[in-house]
Amino acid sequence: MVRYAAAALATNPEKTSKARGEYLRTHFKNMREVAAALSGLKLTKAYEYLAAVKEHKRVIPFRRFSGGVGRTGQAKEFKATQGRWPEKSVKFILRLLKNAESNADAKNIDVEDLTIKNIVVEQAPKTRRRTYRAHGRINPYQGHPCHVEVILAASDVEVEKATDKVAASPLTGLNRRQVARRRIEAARA
């Protein structure tokens, strides 16, 4: 059994499902931005969003690895200016989400309730090739694969906030000196 980097976040194993992909041949930086855009979404919303990204109807905002990334008006939705439509990363993440969904189905977790609790993207070892340059020189030509972990969680039962006010003690909102003074005055009286 492999160890998940985000295993600590799965507090209730009966309500969570996991999937993991290793040495995925897609760019780490693109995958990180896709994961950042998806984390926290409901699973059904994530599927709709990724389908729209594949059709270039919506964009993946690029926030951290945004050097040289073009600007697009679709990024305004996310209060960003730069974005792309990384098809290969979307394809890999869709496969992982489907796998995690079927793992949840095997655990008898309702698929409609699932939210993307966490997605961890880590760099895998670089694949090394070489490219030939002018004057007989050779330069490295490396790939940047990644490891991805997806954790889905069924949403917990929401509890309403209590409406009745609990009688607050007269000492709340006071600093130490004021509390000590009040105690001394109460002892004298």
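## The E149–R20 pair

In this predicted model, the side chains of E149 and R20 come together in a salt bridge, with N to O at 2.9 Å. The two partners sit far apart along the chain: E149 belongs to strand β7 (residues 146-154) and R20 to strand β1 (residues 16-24), with 129 residues separating them.

How do the two ends compare on exposure? E149 has 4% relative accessibility, so it counts as buried. R20 comes out at 27% relative accessible area, which means partly exposed. There's a third player here too: E22 joins R20 and E149 in a network of salt bridges.

## R58 and E77

Next up is a loop-to-loop contact. The side chains of R58 and E77 form a salt bridge at 2.4 Å, N to O. R58 lies in the loop between α2 (43-54) and β2 (60-61), while E77 lies in the loop between β2 and β3 (83-84); the two are 19 residues apart, and the pair links distant parts of the chain.

Buried or exposed, or something in between? R58 is partly exposed at 29% relative accessible area, and E77 is also partly exposed, at 44% relative accessibility.

## E33 and R32

Then there's the pair made by E33 and R32, whose side chains meet in a salt bridge at 3.1 Å, N to O. E33 is buried, with just 2% relative accessible area, under the 20% cut-off for that label.

## The tally

How many salt bridges does the count give? It comes to four, and among them are E149 with R20, E33 with R32 and R58 with E77.

Note on methods:
Residues numbered from 1 in each chain as written. Predicted model: local features only at pLDDT ≥ 70, side-chain atom pairs only at ≥ 80, totals over all residues. Heavy atoms only, no water. Helix = DSSP H or I, 4+ residues; strand = E, 2+ residues; numbered from the N terminus. Buried < 20%, exposed > 50% of the residue type's maximum accessible area, 1.4 Å probe, protein only.
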